[in-house]
Amino acid sequence: MNTPARVSGYTPVGAYLDETRAPALAAEAELAVRTAIPAAEDLRAIREQWGDLLYAIEVQPADEWPPRDSRAYINDHGLKPDPEPVIGRMPLILREHPAPVNLTALDAAMDVERALFGLADRIAEQAQRPVRTWNGLRGDLIQDTDDRDDPARWHLPTHNASVTARAASPGSRAYGLHWAAVWIEGRILGEQHGDMFMPVPPRTLDEAAATIRRARTTVERALHRDGRTITLDTPCPWCRGTLTGWTVPSGEPYVTCDRGEPCPAPVVLDGRRRVWRGADLVGLWAAMRAAA
């Protein structure tokens, strides 16, 4: 017989607990969303800049502005950056690097790979259902191969003391950082795939957000996109004013002239300053060389 929630002033314990915990659960859910969304944005920023970082490994480091990996420099010099990372690209930690040109960029990229691969492993251990198994006729344990080989599943690396590290299986790390970032994003945003995944625990979610933020900072610092400014040695070709180069996290570099509106340069005014962005920077470099 069904028992009503309240009879003659009596409240079942379960109903009481649900009512008292509801505000706390709602607050936890809101906090999780507020933590996960910025972390997902950081992951996307890492993926979008990963190709630039791989390209920077093969380019001689330089102190001039703009950073050599910027789009303006590439367009102006006819260089081609490393293509967009794709699933299946061999991870840096599994490649040979006999003579990288930019060790700082290589170290940064490998640090980011290790951090995100390790994070994916920890999330898989805590929020991913194990492969389904059953007992065979002989009492042996049989795995559900379809469940084991599900593309959505993250596979941890395996280690065998009797063989070399290279012979051990890298698991899902073999698909590279791009796939790891996509997989982590799905877990922290709570994307479901049948019953394979559970919500990421709050403590792990906080750890994930901090790890991802540090990884993004590492990428942008290596690419000189961490918000630095530099006064250029060459004055403005149009008014002889001082030019300042700016970088913005996850954004393209730009240049401003301190003369403001009186400067006759053929670019837009932004905050009463002449500003060169994107393709306009190529015209600025050409004018600077011509004036020199």
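**Entry 1: a nonpolar patch**

I began at the surface, where I found that Val33, Ile37 and Leu189 make a nonpolar patch of about 230 Å². I noted for everything that follows that this is a predicted model. I then looked up Val33, one of the residues of the patch, and found that Val33 lies in helix 1. Its relative accessibility is 46%, so I entered Val33 as partly exposed, since that label covers values between 20% and 50%.

**Entry 2: salt bridges that reach across the chain**

I next turned to the charged side chains, and my list for the structure came to 16 salt bridges. One of them joins Asp42 to Arg213, and the closest N and O atoms of this pair are 3.1 Å apart. I looked up where the two partners sit: Asp42 belongs to helix 1 (residues 13-57) and Arg213 to helix 6 (residues 202-222), so that the bridge links distant parts of the chain, 171 residues apart. Are Asp42 and Arg213 buried or exposed? I found Asp42 to be buried, with a relative accessible area of 3%, whereas Arg213, at 42% relative accessibility, counts as partly exposed.

A second bridge that I followed is formed by the side chains of Glu185 and Arg47, with 2.9 Å from N to O. Because Glu185 lies in helix 5 (residues 176-188) and Arg47 in helix 1, this pair ties together parts that are 138 residues apart in sequence. When I checked the accessibility of the two partners, I found that both Glu185 and Arg47 are buried.

**Entry 3: a bridge between Asp149 and Arg148, and a network**

I also looked at Asp149 and Arg148, which form a salt bridge whose closest N and O atoms are 3.0 Å apart. Asp149 has a relative accessible area of 48% and is partly exposed, and Arg148 also counts as partly exposed, at 31% relative accessibility.

Which residues are linked in a network of salt bridges? I wrote down Arg129, Arg132, Asp147, Arg153 and Asp195.

**Entry 4: two helices that cross**

Last, I compared helix 3 with helix 5. I reminded myself that two packed helices are described by the angle between their axes and by the distance between those axes. The axes of helix 3 (residues 103-127) and helix 5 come within 10 Å and cross at roughly 40 degrees. I therefore recorded helix 3 and helix 5 as oblique to each other, because angles under 35 degrees would count as roughly parallel. I added that helix 3 passes helix 5 in a left-handed crossing.

How values were computed: Residues are numbered from 1 along each chain as its sequence is written. This is a predicted model: local features need pLDDT of at least 70, side-chain atom pairs count only at pLDDT 80 or more; totals for chains, interfaces and linings use all residues. Side-chain values use heavy atoms; hydrogens and water are left out. A salt bridge is a side-chain nitrogen of Lys or Arg within 4 Å of a carboxyl oxygen of Asp or Glu. Helices (H or I, at least four residues) and strands (E, at least two) are DSSP runs, numbered from the N terminus. Buried means under 20% relative accessible area, exposed over 50%, partly exposed in between (1.4 Å probe, protein chains only). Patches are made of residues with over 30% relative accessible area and no salt bridge: like charges are joined within 9 Å, nonpolar side chains (Val, Leu, Ile, Met, Phe, Trp, Tyr) within 5 Å. Accessible areas come from the Shrake-Rupley method with a 1.4 Å probe; for residues, only the protein chains shown count as cover. Axes are lines fitted to C-alpha atoms, for helices over the stretch in contact, and angles run from 0 to 180 degrees between N-to-C directions. Angles under 35 degrees count as roughly parallel, over 145 as roughly antiparallel, 65 to 115 as roughly perpendicular and the rest as oblique. A crossing is left-handed if the near helix is turned anticlockwise from the far one by less than a right angle, and right-handed if clockwise.
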